Amino acid sequence: MGLISGVFMGMLFGIALMAGWKHMMRYRSTKRIAKAVDIKLLGSLDREDLKKICGENFPEWISFPVFEQVKWLNKQLSKMWPYVADAAEIVIKESVEPLLEEYRPPGITALKFNKLSLGTVAPKIEGIRVQSLKEGQIIMDIDFRWGGDTSIILGVEAALVASIPIQLKDLQVFTVARVIFQLAEEIPCISAVVVALLSEPKPRIDYTLKAVGGSLTAIPGISDMIDDTVNTIVTDMLQWPHRIIVPIGGIPVDTSELELKPQGKIALTIVKANDLKNMEMIGKSDPYVVVHIRPLFKVKTKVVDNNLNPVWNQTFDLIVEDKETQSLILEVFDEDIGQDKRLGIAKLTLNDLEAESEKELDLRLQPSLDMLKIKDKKDRGTLTIKVLYHEFNKEEQLAALEEEKMILEARKKLKEAGVIGSTMDAIDGAATLVGSGVGFVGTGLGAGAGLVGSGVGAGVGLVGTGLGAVGSGLSKAGKFMGRTITGQSRKSGSTTPVTSVQENGDAKLQ
């Protein structure tokens, strides 16, 4: 009886074991199939899909296998960081402080480093992509992440306000840097290095501001001013196609081929806007448009008072340096006593434009270019523009390069004369200033005004056809730190920055 019971129980156990094994294999097969499906779906995702799933902090090599992990390089960088940081602090202070002065916002009289320490935490390189897009060059795209223990204190001075130390805490940097090595036949085989930040993914620099022994409210809007200054420097100086060129090795080398050159220009006509948002408690908004490709070359339209459907019909010429990567930014503001309010912003990718073919476009205005962080997604109206792109030949390219240099010099002189608070201020088309009938340093082209000689005197500022730092030079006595300077349209021939001096000489700031 015991023998029979044992045999029976053994058979039951064997059958149960076989059934369990079969169930387990079926389960594993189902899981493998499901995982294969997930992997296939993941492989079909693009950059935007991954951003929505992982956020903005995902390493580049997750979505693009061409980025290789470099753990060995991070280990070496951690060991070298104390020495690299000491050298970098000196270089940053010497190179960035002039930029802070150049891009200093209106209302700030001085902006410099009181203390600069990069800390002990080394940056992390998530991945590297090596390319050979041009003969004689090695191009590396470096996915760069840094959340260090920096100690940065800015000394901020404003009119009638003593210097306030502002500390930048919790600094974090997320970007992809492009490094180009120009090869040479002599040791060290590299004649120059080009450094820039790729525009996609957009560079992120996060930090918090804290006043040391004071209050941020001592200077109204100081946080926004510093944020704008940092973002503008990154966009206008470091973000591709803009770059920094560093000759190395002590070898005399011609870096002109590595420099960014004007590629063409667009003739942009701001036609009108419709259904703008009203930002006024009484009456209607007083809209105007600020336009730029590079933040350093902002221009603006006239102000249309008390109108939510304004018509401007003003034309501006803007230089294009890299049509494939640059964009046209158009911001509509409401002029007000105090700080102007943004009514909406639009972005036009220049790569979509065809040479010598005019387009009329209706652009939908948005509260911000980064809509993920905006809660109010209501309609902001539309902006109608006309755009014509012209590609430069060699002679036009060289002429435009010289014109850009003259524009920068002209803006500096306007800043020194107190007409604008910063070289970053948006001024009307006449303030492109080159070839438009406005003379500087006493040149007196056309009916314009010289800044030196008869141009400055008796507290009047600029003379000629009404260029005054007091009165008509500013649209409102209470305007926020001299940010707006209004003027006329291109109909009088006052806004062309890349052609010869016009004979009518009627360009002016009014």
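In these legends, two residues are in contact when heavy atoms of theirs come within 4.5 Å. The model shown is predicted.

**View 1. The whole protein chain, to get your bearings.** You're looking at 510 residues, 45% of them buried. The secondary structure adds up to 6 helices and 17 strands. Take the contacts with a separation of 6 or more: 66% of those join residues 24 or more positions apart. As for the outside, the accessible surface is about 26800 Å², and carbon and sulfur atoms account for 59% of that.

**View 2. Thr175 and the residues around it.** Thr175 sits in strand E5, which runs over residues 161-183. Its relative accessible area is just 7%, and the cut-off for buried is under 20%, so Thr175 counts as buried. Setting aside neighbours within four places in sequence, Thr175 touches Ile142, Asp143 and Phe144, along with Leu197 and Pro203.

**View 3. Helix H6 from end to end.** H6 covers residues 394-416, which makes 23 residues. At 1.5 Å a residue the helix should span 33 Å, and the C-alpha atoms at its ends are 34 Å apart, so the two values agree. Among the buried residues of H6 are Ala400, Leu401, Ile407, Ala410 and Leu414. The buried set also includes Gln397, Glu403, Glu404, Arg411 and Lys415.

**View 4. The N-terminal end of H6.** Zoom in here and you'll find Asn393 acting as the cap. One of the side-chain oxygens of Asn393 lies 3.2 Å from the backbone nitrogen of Glu395.

Conventions. Residues numbered from 1 in each chain as written. Predicted model: local features only at pLDDT ≥ 70, side-chain atom pairs only at ≥ 80, totals over all residues. Heavy atoms only, no water. Helix = DSSP H or I, 4+ residues; strand = E, 2+ residues; numbered from the N terminus. Buried < 20%, exposed > 50% of the residue type's maximum accessible area, 1.4 Å probe, protein only. Areas by Shrake-Rupley, 256 points an atom, 1.4 Å probe, with all protein chains shown as cover. Expected span 1.5 Å × (residues − 1). Polar contact = N/O pair within 3.5 Å; in protein donor to acceptor, adjacent residues only side chain to side chain.
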